[in-house]
Amino acid sequence: MTRPDPSAPPAPTRRAPETTGLPTLEDVARAAGVSLATASRVLNGSTRKVADSYRERVERAAAELGYSTNVSAQAIARGTSPVIALLVADIADPYFGLIASGVARGADEHGLIVTISVTERDPAREARTLRALRGQRPKGLILAASRAADASESDTRHEIAEFARTGGRVVVLGAAGPDTRGIEIDNRGGAEMLGRQMAALGYRRAIALAAADGVHTSDERLAGFRRGFADRDGVVDRVYRGDFRQDSGAEMMSAALQDGVEAGTLVFALSDVVAIGAMSAIRAAGREIGHDIAVCGFDDVPSSSDVTPTLTTVHVPLSDVGHEAFRAVVDEDWTPGDLALDVVVRESTPPRPAAQESA
């Protein structure tokens, strides 16, 4: 039997017979005049070499027929699919939206796809999601959710270890573990800078709105703020506990107002979203934000500069955090980049008389 000459000009594409459904790989192979195995090697990412003339014919036939690559077939051929799986706690929270934008930017640069799953900070749900994702063979997993330690966390650790064992890479927002790379945000250091700056503005008494005790991000921010605020004898009188939602910020602030809040008190919220909720409760109580009750947050999400008055916060380069997490997945020789945090003082924390007198 005479074999085709790979150096010969590409044969004209033959259109497949009309089909009632979506074009299949068999349709592409028939239209290109090649074997099913050759079409599969071209379109499903096999590492086996295919002659350029055959590759061009297969790709042209696929384009003409409107064939879409089967990602599952790619995963079988390559051992992984061209997918980065991102797990977030709450897709409605702009904090995670900005991180996702950075991951998506990196994926676009590398021709990869990002899928997003929501954990709601539930360790059991996180473990179930990881188990399901393992079967889809993503190129990497990024876990971006702060939550409290829980017995179910051992299930998450098991799923991460299994994913790493099969060659996948897991990146977490936080300290690296035995099977993960870590992207660390200096929550404690940023909050300490904020506390010190607020004390320099003349504030001496503060109320904190935090998440449940044991939630790492909240604990780090509260500890850092307390330390920086204490540098000039600032004291956090009370801590109210809730979660990261805007409604929770309003609820915690309402409870604080019922207990009594003196004029000149500073409210430190664990995030901008919580701070904005607190601001709505302050207005609803007929109090003024700023000279009456000052408010500061953390993260510098876009809405922090859109609210009235504008919100004092700590700027975290969240999109860069997401991009750095992506790099940690795909770069073999990855080393952590610089993710510097800065305090941004705005209208919600005007200087107090004590600061003006000492100036």
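Visitor: In which sense do strand β6 and strand β7 pair, parallel or antiparallel?
Guide: Keep in mind that this is a predicted model. Strand β6 covers residues 205-211 and strand β7 covers residues 235-242. Seven bridges link the two strands, and the sense of their pairing is parallel.

Visitor: Which residue in β7 does Ala 211 stand opposite?
Guide: Ala 211 belongs to the stretch 205-211, which is β6. Look across to β7, and the residue facing Ala 211 is Gly 242.

Visitor: What handedness does the β-α-β unit of β6, helix α9 and β7 have?
Guide: Start at β6, go through helix α9 (residues 216-230), and end up in β7. With the strands pointing away from you, a path over the helix that runs clockwise counts as right-handed. The unit made here is right-handed.

Visitor: Phe 225 is one of the residues with the most contacts inside the largest nonpolar core, but how many residues does that core have?
Guide: In soluble globular proteins, nonpolar side chains tend to be buried together. Here, Phe 225 shares its place among the best-connected core members with Ile 142, Ile 183, Met 198, Phe 229 and Leu 266. The residue count of this largest core is 47.

Visitor: Which helix gives the largest share of this core?
Guide: The largest share amounts to seven residues. They come from a helix that spans residues 318-330. That helix is α12.

Visitor: Which residues does Phe 225 contact, leaving aside its neighbours within four places in sequence?
Guide: Two of its partners, Met 198 and Leu 266, are also among the residues with the most contacts inside the largest core. The others on the list are Ala 191, Glu 192, Leu 194, Gly 195, Ala 206, Val 236, Phe 268 and Cys 296. So that you have them in one place, with Phe 225 go Ala 191, Glu 192, Leu 194, Gly 195, Met 198, Ala 206, Val 236, Leu 266, Phe 268 and Cys 296.

Visitor: How many salt bridges does a search of the whole structure find, and which parts does the one between Glu 159 and Arg 134 tie together?
Guide: The search turns up 18 salt bridges. In one of them, the side chains of Glu 159 and Arg 134 meet at 2.8 Å, N to O. Glu 159 sits in residues 153-165 and Arg 134 in residues 123-136, so the bridge joins parts 25 residues apart in sequence: helix α7 and helix α6.

Visitor: Is Glu 159 buried or exposed?
Guide: Buried means under 20% relative accessible area. Its partner Arg 134 has 28% and is partly exposed. Glu 159 has just 3%, so this residue counts as buried.

Visitor: Which residues form salt bridges with Arg 327?
Guide: Within helix α12, one partner sits three residues away, about one turn of the helix. In that bridge the closest N and O atoms are 2.9 Å apart, while another bridge has an N to O distance of 3.3 Å. The partners are Glu 324 and Asp 331.

Visitor: Which residues of helix α2 are buried, and over what arc do they lie?
Guide: Helix α2 runs over residues 36-43, and its buried residues are Thr 38, Ala 39, Val 42 and Leu 43. They are on the same side of α2, because the arc they cover around the axis is only 120°.

Technical notes. Residues numbered from 1 in each chain as written. Predicted model: local features only at pLDDT ≥ 70, side-chain atom pairs only at ≥ 80, totals over all residues. Heavy atoms only, no water. Salt bridge = Lys/Arg side-chain N within 4 Å of Asp/Glu carboxyl O. Helix = DSSP H or I, 4+ residues; strand = E, 2+ residues; numbered from the N terminus. Buried < 20%, exposed > 50% of the residue type's maximum accessible area, 1.4 Å probe, protein only. Arc of directions from axis to C-beta. Pairing = 2+ DSSP bridges. Core = buried A, V, L, I, M, F, W, Y, C linked by side-chain atoms within 4.5 Å. Contact = heavy atoms within 4.5 Å.
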